[in-house]
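Subject: Handover of a structure

Dear colleague,

Please find below the structure that I am passing on to you. The findings follow directly after it.

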Amino acid sequence: YLLLIFLGKNGFLGRVLLDYFNFSFAFKWTGAALACAIMGFPLMVRSIKLAIEMIDVKIEDAARTLGAAPLKVFFTITLPISMPGIIVGTTLSFARALGEFGATLMVAGSLPGRTQTVSVAIYEAVEMGRDNLANFLVLLTSLVCLVILIGSGQILKSKYEAGRN
């Protein structure tokens, strides 16, 4: 609701975007994408933060002692070591976005083929008595999530095994 108030055509940022850039988030696919990203962002940030905090500081200190610049330490040590947490966080955020309902419905509405998310489409299919469509969408979403989970698990497993060798 607050996203709609803030980014809607009469909201503070929404009016600025509309007046100066002729752009609006309300009831468009960009609004759906923004709502999903905002709702999933905390899951991603917490996972990445935890992964970075778990890195042994001595490794980074050793690289700095050997003359590595802070950016080089980040890109060659911190980022690769924290990659499993980044993958997990991104996967969690994506899964949360797939199931997003409330924020998306408020900001983007539900325009079939334009702003309708899977969860909204399932809800509307059930409301209209189209159980076959709802079941298909649930199955499709479950399969997509399963493929993502298996894929991210394989990536994490290969990184773990590569680190052990």
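S47 sits in helix α3, which covers residues 29-53. In this predicted model, S47 has a relative accessible area of 16% and is therefore buried, the cut-off being under 20%. Setting aside neighbours within four places in sequence, the contacts of S47 are G85, V88, G89 and L92. One of these, G89, is itself listed among the buried residues of helix α5, and so is G85.

Helix α3 as a whole has 25 residues, and its first and last C-alpha atoms are 35 Å apart, close to the 36 Å expected at 1.5 Å a residue. There is nevertheless a bend of about 40° at G40 in α3, and a proline, P42, follows within four residues. The buried residues of α3 are T30, G31, A32, A35, C36, G40, S47 and A51.

Helix α5 runs over residues 70-98 and departs further from a straight course: a straight helix of its 29 residues would span 42 Å, but the end C-alpha atoms of α5 span only 36 Å. A bend of about 55° is found at M83, and again a proline follows within four residues, here P84. Buried positions in α5 are V73, I77, T78, S82, G85, I86, I87, G89, T91, S93, A97 and L98.

S93 offers a second view of how these two helices meet. This residue belongs to α5, and its relative accessibility is 11%, so S93 counts as buried. Beyond four places in sequence, S93 touches G40, F41 and M44. G40 is the residue at which α3 bends, and α3 also holds S47.

Which residues form the largest nonpolar core? This core has six members, namely L3, L7, L17, F25, A35 and V107. In general, nonpolar side chains in soluble globular proteins tend to be buried together. Among the members, A35 is one of the buried residues of α3. L17 touches N22, F23 and F25, when residues up to four places away in sequence are not counted. Another core, of five residues, lies apart from the one just described and includes A121, I122, A134 and L137.

A134 gives a closer look at that other core. The residue is located in helix α8, residues 131-164, and counts as buried because its relative accessibility is 5%. A134 is in contact with I122, A125 and V126, leaving aside neighbours within four places in sequence. A134 and A121 are 13 residues apart in sequence, and their C-alpha atoms lie 7.6 Å apart in space.

Two residues in the loop between α2 and α3 merit attention for their backbone. N22 is placed in this loop, which follows α2 (12-21), and has a positive phi of about 50° although it is not a glycine. F27, found in the loop between α2 and α3 as well, has a positive phi of about 60° and is likewise not a glycine. For context, most residues other than glycine have a negative phi. N22 has a relative accessible area of 65% and is therefore exposed, whereas F27, at 43% relative accessibility, counts as partly exposed.

T115 belongs to another loop, the one between α6 (102-108) and α7 (118-127). Is T115 buried or exposed? Its relative accessibility is 2%, so T115 counts as buried. In sequence, T115 and A32 are 83 residues apart, yet their C-alpha atoms are 5.9 Å apart in space. A32 is one of the buried residues of α3.

Finally, some values for the protein as a whole. The secondary structure consists of eight helices and zero strands. The radius of gyration is 21 Å, whereas a compact globule of 165 residues would have one near 15 Å. Along the principal axes, the C-alpha atoms fill a box of roughly 60 × 45 × 20 Å. Of the 165 residues, 30% are buried. Where contacts join residues at least 6 apart in sequence, 53% of them link residues at least 24 apart. The exposed surface comes to about 10,900 Å², of which carbon and sulfur atoms supply 69%.

With kind regards

Methods
Residues are numbered from 1 along each chain as its sequence is written. This is a predicted model: local features need pLDDT of at least 70, side-chain atom pairs count only at pLDDT 80 or more; totals for chains, interfaces and linings use all residues. Side-chain values use heavy atoms; hydrogens and water are left out. The expected span of a helix is 1.5 Å times one less than its number of residues. The bend at a residue is the angle between axes fitted to the seven residues ending there and the seven starting there. Buried means under 20% relative accessible area, exposed over 50%, partly exposed in between (1.4 Å probe, protein chains only). A nonpolar core is a set of buried Ala, Val, Leu, Ile, Met, Phe, Trp, Tyr and Cys residues joined through side-chain atoms within 4.5 Å. Contact means heavy atoms within 4.5 Å. The radius of gyration is taken over C-alpha atoms; the globule rule is 2.2 Å times the number of residues to the power 0.38. Accessible areas come from the Shrake-Rupley method with a 1.4 Å probe; for residues, only the protein chains shown count as cover.
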